[in-house]
Structure formats: structure tokens, C-alpha cells
Amino acid sequence: MKKVALLSLFRSIVLTALGFGAALSPVRAQFAVLHSFTGTNGDGAMPSGALTLSGTSLYGSTYWGGVTNYGIIFQIGINGAGYVVRHGFRTGDGDGPTGSLQLRGTILYGMTTTGDGSLDGGVVFRINTDGSSYTKLYSFFTGEGYYPHGSLTLDTTTLMLYGMTSSGGAANWGMVFRMSTSGSGNTNLHSFAGGTSDGRDPGENSLTLSGNGTTLYGMTPGGGVSDLGVVFKINTDGSGYTNLHSFTGGSGGANPQTGLVLSGNTLYGTTSSGGSFHYGTVFAVNTNGTGFTNLHNFSGVNDGAYPYAGLIMSGNTLYGTASGGGSSGNGTVFAINADGTGFTTLHSFTGGTNGADPRAGLTLSGNTLYGTASSGGSSGVGTLFSLSLPQPPPQLTINCSAANVILTWPTNAAGFTLQSTTNLASQAVWSANSPAPTIVNGQNAVTNPISGTQKYYRLSQ
């Protein structure tokens, strides 16, 4: 029973509100496993990439599993119901789907790392959300960039897809590419060269598009002055490539393995290693390369270790996952304020049925985070999960009105009821207050007479 607000009424005098927050039981995030992958009977194994939300359905992919063990695309309801495999990859149409799926209308776009017969350099594909009309849009080959491992970035205005390959390009360190959603016009925007002024081997990193659609921001885990990775920007026409920041290890972090989140003129991200304890960091840097700030050093204990996934932002809060650490050493879900304060471990994975080793980013819908763990679960090959975030307690207020008192609280406080008791002894009996509330000026309201025995009131769920 969560005591959310407590008020006292003594005869005709309102005494006071007692202990708002100070005496409240902590409200914890509620974790649930939506699906445990089996890797058998056509099901997937080792989910890759953040989930994609459309209405009340989540879409994603697994790197392994399916009938041919080349991976699958799946759909599941946000309540965990209706899990279905929408596509199983097979020889010639892709092998090892990577990263997140990009949605436009009822069409999903994605990539595989390999698997196009003799070319075998990976493919860009599209598929309808109902699983129909799977189409290879483009096949990479070794004469250009190949082996993409991150996610595509979709510009819904220009209908252009942007991405990176981990190999190929002029120096064989990978490249930034652009193509239309029809698969035409594939263009090498930049070939990574490594060295002190450029990145190399972007690996599982992805690109972030600026709000005006003219600039791409990204990272590589190698290259730069210490060969520990860089933050870069490049115009969508391929001009203006700039190394914004070189990671140096130590407190500055090292080896970023994911994408960035952009808010205003600030980029936020994670590094998979480095930091004060060598378990990775959360950082911020301005879009012009100034103001680099280490927001958090992972300790490898309760807060987590080795964050491979990117962050998402809601209001002033960043949410992410760490692949290791936590109470059982199997990874965490965490939250941190954009200024680096308020770091909170929301969930620690146990390595059992609730999963282990989360390596993909999170998806937020309403007050619930959705994500994947790449291992653990009932068959040890990964899970889909939800994590309902704790809501701030609703405020109960009391005001005098002639011979009555009026108690009010927000109408969005779902599941809370007004209760009363005549004493605050340890064995006090609380009962539902009568009459039932009405809605007045957008608030739940209950009117009680002042006369009679003193009462104490609370909201409880």
C-alpha cells in the first residue's frame, strides 16, 4: 500500500498536511518480460537494435534464429500479446539484420550485415508491417562500402536513407552513404581514413539527423588523436566533414559503439569503455565540438558497465542501458538528468528469465520503456521487456468551504482512491471515503462536512 498524501481534519479546524513525500514508500519501476526468444521453430535469437513503435505494436529484428538461422523480423503488442514472426531471412535476401527498423507509414526499412549470395556485403531492405512485400533495395559489394552494422537514418521529408558501413570505402575503414527509399542513387558521402583527424570502422554506430535536415552527426569507436574514437559531423550532401571531438580514454571515455541524441545544440552519448573506472561513460558535447562534459562514470557495480547502446531523451531526462554491471553483473537500465545529476538504476538484469546483456537502446511510449536483452530469458537467447516508470505521487489538497471541507486531487491519478481513518495508530484501519468523487474544474473532488469526529485522509493505491 503506497501512502501518497495524508491530511488531518479536527472538528472545524484543518490541522495540516502530514509528511508529503517524507514518509512515503518508494515507488519502483515495474519490470515485465514481454517475450523470451527460443531460437527454435522459426523464432528468433539475440535481438538487435532498439524497438520501433507504431500504434500499439512494436517491431524489431533478431540477428540469429528463424528457419534458416539468418534472423527474423517480428511484431508484438505493447502489452506482450500477439507476438508474430513477420519475416525469416534466407539465402539471398539477407543474413543477420542489424540495428533498428525505420518506419514510414506502413513500411519498415532496415539492413543486414551480410547475405546476398555472391556479393555477400549486406543489404538494405524494406518490408510492410504485415510482413508482405519484402524487397531488397540495395546490395553492398566489396568494391564499395560493405558490412553495415548500425541502423539506418530516415529523412521523412526528402525520403533519403543514411547509414554507415563498417568496411570498404577508399581506405577500407568504412563509409557514410546515402540512398533514396527506393534504393536508387547510392552515394558515398565520406570514406573514413583513420589517423588523428578522422574516424575509422564505425562498427555498430548510427547517424543522427539535425532538425533542419542538413547535418548528420555520428561517432566511430576508432580513429582520432588517441585512436579511441571520434564524434563527427558531415553535411547531407557529403561536404563539410568535421572531427568535433577525439576521445582520449581516462575520464574522457573511449570507444563509442552507438549513435547520438540531439537536443538543441547539445549531443548526448555513451562510450563503452574509458571513464574513471574504465567501464564507460555518459557524455555531452556541443554541436560545434566545444563544451565536452563527462556526465557519468560507470563504476561496474550497481550502476552498470560497458554501455553499448545509445540514449533516448524525455524532457530533461536521458534513459539508456548498460550491458554489464548491476546487482547481478548482467546489465542495467538507467536514467540520468541532462546536467549529469540524479543518476538512477531503474532495473538490474539477473541473467535468468528476465534477460541479460542489453545492448540496444530503449523506446519510450507514454510512461513505459521498451527494450531488448541480447541473452538470458527462458532459452538463454534474449528477451523483450517493458519497464513502467514510477509516477510522482499525486497531491491531495484540502480547503474549507462554509460548513464543509473539499478534498481534491488530479483526475490522471489512475488507481488511487481516497481513504480516511479516525486515528493514526500503527494498526489504524483505513476505509474508502464516502461519497464518491465528482469532477470539478478538472480535479477529482469530494465534499465532507466539518462536524463530527476528527478524520485523517490519504490517497492510496
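Okay, let's start with one pair of residues: M111 has V124 as its bridge partner, and V124 sits in strand 10. By strand I mean a DSSP run of E, at least two residues long, numbered from the N terminus. M111's side of this is strand 9, residues 107-114, which pairs with strand 10, residues 123-128, in the antiparallel sense over six bridges. Two strands count as paired if DSSP finds at least two bridges between them.

Quick word on where this comes from: it's a predicted model, where local features need pLDDT of at least 70 and side-chain atom pairs count only at pLDDT 80 or more, while totals for chains, interfaces and linings use all residues. Residues are numbered from 1 along each chain as its sequence is written, and side-chain values use heavy atoms, with hydrogens and water left out.

Back to V124. What stands opposite V124 in strand 11? That's Y138. Strand 11 covers residues 135-139 and pairs with strand 10 in the antiparallel sense, over four bridges. In the hairpin of strand 10 and strand 11 there are six residues between the strands, and G131 takes a positive phi near 90°.

Next, an open sheet. Four strands make it up, in the order 12-13-14-15, with antiparallel pairing. Strand 12 (153-155) and strand 15 are at the edges with a single partner strand each, so one side of each has no neighbour in the sheet. From one strand to the next, the twist averages 20°; the axes behind that are lines fitted to C-alpha atoms, with angles from 0 to 180 degrees between N-to-C directions. Strand 14, residues 175-180, pairs with strand 15 over four bridges, and F177 has N188 in strand 15 as its bridge partner.

Just after that comes D198, in the loop between strand 15 (187-191) and strand 16 (199-200). Is D198 buried or exposed? It's buried, yet it has no salt bridge. Buried is under 20% relative accessible area, exposed is over 50%, and partly exposed is in between, with a 1.4 Å probe and protein chains only. A salt bridge needs a side-chain nitrogen of Lys or Arg within 4 Å of a carboxyl oxygen of Asp or Glu. For D198, the nearest side chain of opposite charge is R200, 10 Å away. But a polar atom of the D198 side chain does lie 2.9 Å from the backbone nitrogen of A193. Leaving aside neighbours within four places in sequence, D198 is in contact with several residues, including H190, G223, Y241 and N243; contact means heavy atoms within 4.5 Å.

So who does R200 pair up with? R200 forms a salt bridge with D227, with the closest N and O atoms 2.9 Å apart. The two are 27 residues apart: R200 is in strand 16, and D227 is in the loop between strand 19 (222-223) and strand 20 (230-235). R200 is partly exposed at 21% relative accessibility, and D227 is partly exposed too, at 36%.

How many salt bridges does the rule give? Three. Another is R90 with D93, at 3.3 Å between the closest N and O atoms. R90 is partly exposed at 48%, whereas D93 is buried at 6%. And then D357 and R359 meet at 3.0 Å, N to O, with R359 partly exposed at 38%.

Definitions and conventions:
Lys, Arg positive; Asp, Glu negative; His and termini not counted. Polar contact = N/O pair within 3.5 Å; in protein donor to acceptor, adjacent residues only side chain to side chain.
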